[in-house]
Amino acid sequence: DQIEKGGYEHFMLKEIFEQPKSIKDCLRGRVISEQAHLALGGIRQYLNKLVNADRIIILGCGTSWHAGLVAEYIFEEFARIPVEVEYASEFRYRNPIIKEGDVVIAISQSGETADTLAAIELAKAKGAIIFGVCNVVGSSIARASHEGAYLHAGPEIGVASTKAFTAQVTVLTMMAIIVGHRRGTIKESLFHQLLVDLENLPVKVEKALKTNEQIKYISSIFKDARNFLYLGRGANFPVALEGALKLKEISYIHAEGYPAAEMKHGPIALIDEEMPVMVIATKDQTYEKIVSNIQEVRARKGKVIAIVTEGDKQIEAMADFVIEVPGTHEFLMPIISVVPLQLLSYHIAVMRGCNVDQPRNLAKSVTVE
Ligand code: G6P
């Protein structure tokens with residue numbers, strides 16, 4: 001066990017720290033910016049179906065569903081195809097409308113989640129083309145899909161998914177760029193820039209991991225909180241959901257993720273000096289808006305912990321804590337901005353004496369309904 005953990009105290013921490021490598025493995029041979037090369041070997045025969053799709057349906061559960069929500073932003077931006085993201089468990093029981101040739105992307109780390117498997121069988125029976133995005137080679141969902149792309153993230157043991165999430169978003173981003181490039185919705189210059197940005201992700205994630213000691217300190221301050229609010233906008237909104245899920249899963253602290261602008265329609269009523277608010281506030285098109293959201297929290301005495309782009313001075317002046325991470329193209333940002341949130345949930349859980357790798361009531365893979 002100790003050997004498998006590679007010197008780390010828990011699998012979860014090991015897997016968080018493995019991310020520069022797992023993302024690199026995920027990109028290997030698929031992206032070569034110098035040769036303007038981007039290809040997913042597992043998606044060839046049906047690639048045209050994806051390129052010409054009228055809409056894309058993405059299915060998943062838990063963290064995989066969050067990766068799907070990030071992909072919705074990315075596909076719509078780069079490929080200009082409408083995307084619907086569904087919980088597999090809901091999709092399968094509501095007589096979904098699918099027509100021949102519709103495209104479904106099923107996301108599953110294990111490839112064994114019962115709801116996701118049943119949902120794709122249903123979609124397949126109605127004539128959809130299924131692309132699987134799985135980590136486990138030869139898994140049921142991988143086999144039930146027409147085509148797909150593996151994550152190559154290596155085995156994930158910790159029940160709370162970490163490196164699978166960043167690899168899922170990496171694969172889905174590659175898919176969206178391939179499709180956008182084929183459709184002509186991404187210009188050549190942006191295409192090249194995105195390939196370089198993809199290649200730089202491992203180094204940037206490595207840098208984001210350097211926040212570990214600072215996050216340990218922040219965790220010691222907030223470990224006894226009873227609630228946490230996570231806010232983000234755009235592609236970082238699903239990251240807020242994922243951060244909240246991580247905290248719930250392993251530390252048993254109630255946490256909610258919200259799109260920052262929706263705060264005023266409800267959660268703002270909860271904010272007082274007892275409420276830590278984690279804001280993902282990296283530089284993007286809604287930056288100024290999120291600065292006002294931070295001010296709204298501050299005005300109600302909430303404690304603000306902000307994840308910002310390196311060198312940000314404006315938010316530093318107003319937040320209680322700022323965590324700096326390297327910037328990248330805003331639609332690739334979730335792969336970096338999620339890292340401090342994984343670390344925060346890990347450290348808080350350890351400080352509360354929770355069983356980090358095997359949290360109560362949860363299973364790594366839910367193979368029953
Ligand atoms: C379980 C795990 C989660 C995971 C979800 C979906 O609930 O605890 O970490 O995100 O299943 O699993 P999958 O293998 O389909 O990605």
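Q: Which helix gives the largest share of the shell around the ligand?
A: Helix 4, residues 62-78, which supplies 3 residues of that shell. Keep in mind that this is a predicted model.

Q: How many residues surround the ligand, and which are the closest?
A: There are 16 around the ligand. The closest are Gly62, Thr63, Ser108, Ser110 and Thr113.

Q: What does that shell look like by class?
A: It has 10 polar residues, 5 nonpolar and 1 charged.

Q: Moving on to Thr116. Where does it lie?
A: In helix 6, which covers residues 114-125.

Q: Is Thr116 buried or exposed, and why?
A: Thr116 counts as buried because it has 31 C-beta neighbours inside 10 Å, and the cut-off for buried is 20 or more.

Q: What is Thr116 in contact with, leaving aside neighbours within four places in sequence?
A: Leu59, Gly60, Cys61, Ala88, Ala106, Ser108 and Ile141. Ser108 also appears among the closest residues to the ligand.

Q: And how far apart are Thr116 and Ile290?
A: They are 34 Å apart in space, C-alpha to C-alpha, and 174 residues apart in sequence.

Q: New topic, the 5-stranded sheet. What is the strand order?
A: The order is 9-8-10-11-12, in an open sheet with parallel pairing.

Q: Which strands stand at the edges?
A: Strand 9 (254-259) and strand 12 (321-325). Each has a single partner strand, so one side of each has no neighbour in the sheet.

Q: How many degrees are neighbouring strands turned against each other?
A: On average 20 degrees, with direction ignored.

Q: Back to strand 9. How many bridges pair it with strand 8?
A: Strand 8, residues 227-232, pairs with strand 9 over 6 bridges, in the parallel sense. Within that pairing, Asn227 stands opposite His254 of strand 9.

Q: Which strands does helix 13 lie across?
A: Helix 13 (residues 334-351) lies across strand 10 (276-280), strand 11 (303-309) and strand 12. Its direction is at about 135 degrees to strand 12.

Q: One more helix: what span does helix 11 reach?
A: Helix 11, residues 237-251, reaches 21 Å from its first C-alpha to its last. That is close to the 21 Å expected for its 15 residues at 1.5 Å a residue.

Q: How many residues of helix 11 are buried?
A: 14 of the 15, so helix 11 is largely enclosed by the rest of the structure.

Q: What follows helix 11?
A: Tyr252, which has a positive phi, near 60 degrees.

Conventions. Residues are numbered from 1 along each chain as its sequence is written. This is a predicted model: local features need pLDDT of at least 70, side-chain atom pairs count only at pLDDT 80 or more; totals for chains, interfaces and linings use all residues. Helices (H or I, at least four residues) and strands (E, at least two) are DSSP runs, numbered from the N terminus. A residue is buried if 20 or more other C-beta atoms lie within 10 Å of its own, exposed if 12 or fewer, and partly exposed in between; C-beta atoms are placed from the backbone. Two residues are in contact if their C-beta atoms, placed from the backbone, lie within 7 Å. Two strands pair if DSSP finds at least two bridges between them. Axes are lines fitted to C-alpha atoms, for helices over the stretch in contact, and angles run from 0 to 180 degrees between N-to-C directions. A residue is near a molecule or strand if its C-beta atom, placed from the backbone, lies within 6 Å of it. Ala, Val, Leu, Ile, Met, Phe, Trp, Tyr, Cys and Pro count as nonpolar, Asp, Glu, Lys and Arg as charged, and the others, Gly among them, as polar. The expected span of a helix is 1.5 Å times one less than its number of residues.
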